[in-house]
Amino acid sequence: QLGVIDLQSPEAVALVSFDYSTATQGEMQPLAEAVLGRLLGQGMRIIAVSLEPEGAVIAQRTLTKLIDDRGGSYGDSVINLGFLPGQAVAVRRLASGQQKLAEIPDFRDNLTLQAADQDNWQDIEDLRQVDMVVPLVDNAATARWWIEQLATAVQPDDAQRYVLVAASASAEPFLSPYRSSDQVNGLIAGIS
């Protein structure tokens, strides 16, 4: 299921949504680290967001650990835009282009992607420049918001946008039909 990452070119952009809480972090964190490691190994740039208030902190800790392990620095290939309030509405705003990624200040430094210090992100305005969306979810409802709203989203410039869902074991049975119908390009589940 992670093979969909191998289809991406270096410098492609993945939007990773940390949509799990500390209550499910024991199951979800190994999934998140495996997926993020594979994305970085492919040379992709990662924009982290979260539909959960505590997800921004989880994302920042995870990204910091990965950066430290790999010898990079924050802002080069990873950035955390933090919490997007509104749940399904937040996803809809991104998908429709009403919410521009370039306008959201990052979680750590409070800089937008268009700030002078953000050289690696100047080409990102909205979801059209995102090649892959990766919801990391502990429940099926949150994954469904991403899947259904992305079905109507503007597509990347001259390419297909891929969706890879990393879900808890309890959510996986409810998400399998989306994988079977190719609305999701990859589905991996946590420990059952």
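**View 1. The open sheet and its order of strands.** In this predicted model, 6 strands form an open sheet with parallel pairing, and their order across the sheet is β3-β2-β1-β4-β5-β6. The strands β3 and β6 (186–189) stand at the edges, where each has a single partner strand, so one side of each is left without a neighbour in the sheet. Neighbouring strands of this sheet are turned against each other by 15 degrees on average, with direction ignored.

**View 2. Strand β2 between its partners β1 and β3.** Strand β2 covers residues 45–50, and because 6 of its 6 residues are buried, the strand is largely enclosed by the rest of the structure. The side chains can be followed in two sets: R45, I47 and V49 point one way from β2, while I46, A48 and S50 point the other way, and all are buried. With strand β1 (residues 13–19), β2 runs parallel and is joined by 5 bridges; a pair to look for here is V13, whose bridge partner in β2 is R45. With strand β3 (residues 78–83), β2 also pairs in the parallel sense, over 4 bridges, and in this pairing S50 has F83 of β3 as its bridge partner.

**View 3. Two helices that link parallel strands.** Helix α2 (residues 25–41), together with β1 and β2, makes a right-handed β-α-β unit. A right-handed β-α-β unit is also made by β2, helix α3 (residues 55–70) and β3, and β2 therefore takes part in both units.

**View 4. Helix α2 and the residues that follow its course.** At 1.5 Å a residue, the 17 residues of α2 should span 24 Å, and the end C-alpha atoms of the helix are 23 Å apart, which agrees with that expectation. The buried residues of α2 are M28, Q29, L31, A32, V35, L36, G37, L39 and L40. For L40, which lies in this helix, the relative accessible area is 17%, and because a residue counts as buried under 20%, L40 is buried. Although L40 and S77 are 37 residues apart in sequence, their C-alpha atoms are 7.9 Å apart in space. Just after α2, the chain reaches G43, which takes a positive phi of about 90 degrees.

**View 5. Strand β4 between its partners β1 and β5.** Strand β4 covers residues 132–137, and 6 of its 6 residues are buried, so the strand is largely enclosed by the rest of the structure. From β4, the residues M132, V134 and L136 point one way and V133, P135 and V137 the other way, and all are buried. There are 6 bridges between β1 and β4, which run parallel; within this pairing, L15 stands opposite V133 of β4, and D19 has V137 of β4 as its bridge partner. Strand β4 also pairs with strand β5 (residues 162–167) in the parallel sense, over 4 bridges, and here the bridge partner of L136 is A166 in β5.

**View 6. The packing of helices α4 and α5.** Two packed helices are described by the angle between their axes and by the distance between the axes. For helix α4 (residues 88–96) and helix α5 (residues 140–150), the axes come within 9 Å and cross at roughly 25 degrees. That angle makes α4 roughly parallel to α5, because angles under 35 degrees count as roughly parallel. The crossing of α4 and α5 is right-handed.

Conventions. Residues are numbered from 1 along each chain as its sequence is written. This is a predicted model: local features need pLDDT of at least 70, side-chain atom pairs count only at pLDDT 80 or more; totals for chains, interfaces and linings use all residues. Side-chain values use heavy atoms; hydrogens and water are left out. Buried means under 20% relative accessible area, exposed over 50%, partly exposed in between (1.4 Å probe, protein chains only). Two strands pair if DSSP finds at least two bridges between them. A crossover is right-handed if, with the strands pointing away from the viewer, the path from the first strand over the helix to the second runs clockwise. The expected span of a helix is 1.5 Å times one less than its number of residues. Axes are lines fitted to C-alpha atoms, for helices over the stretch in contact, and angles run from 0 to 180 degrees between N-to-C directions. Angles under 35 degrees count as roughly parallel, over 145 as roughly antiparallel, 65 to 115 as roughly perpendicular and the rest as oblique. A crossing is left-handed if the near helix is turned anticlockwise from the far one by less than a right angle, and right-handed if clockwise.
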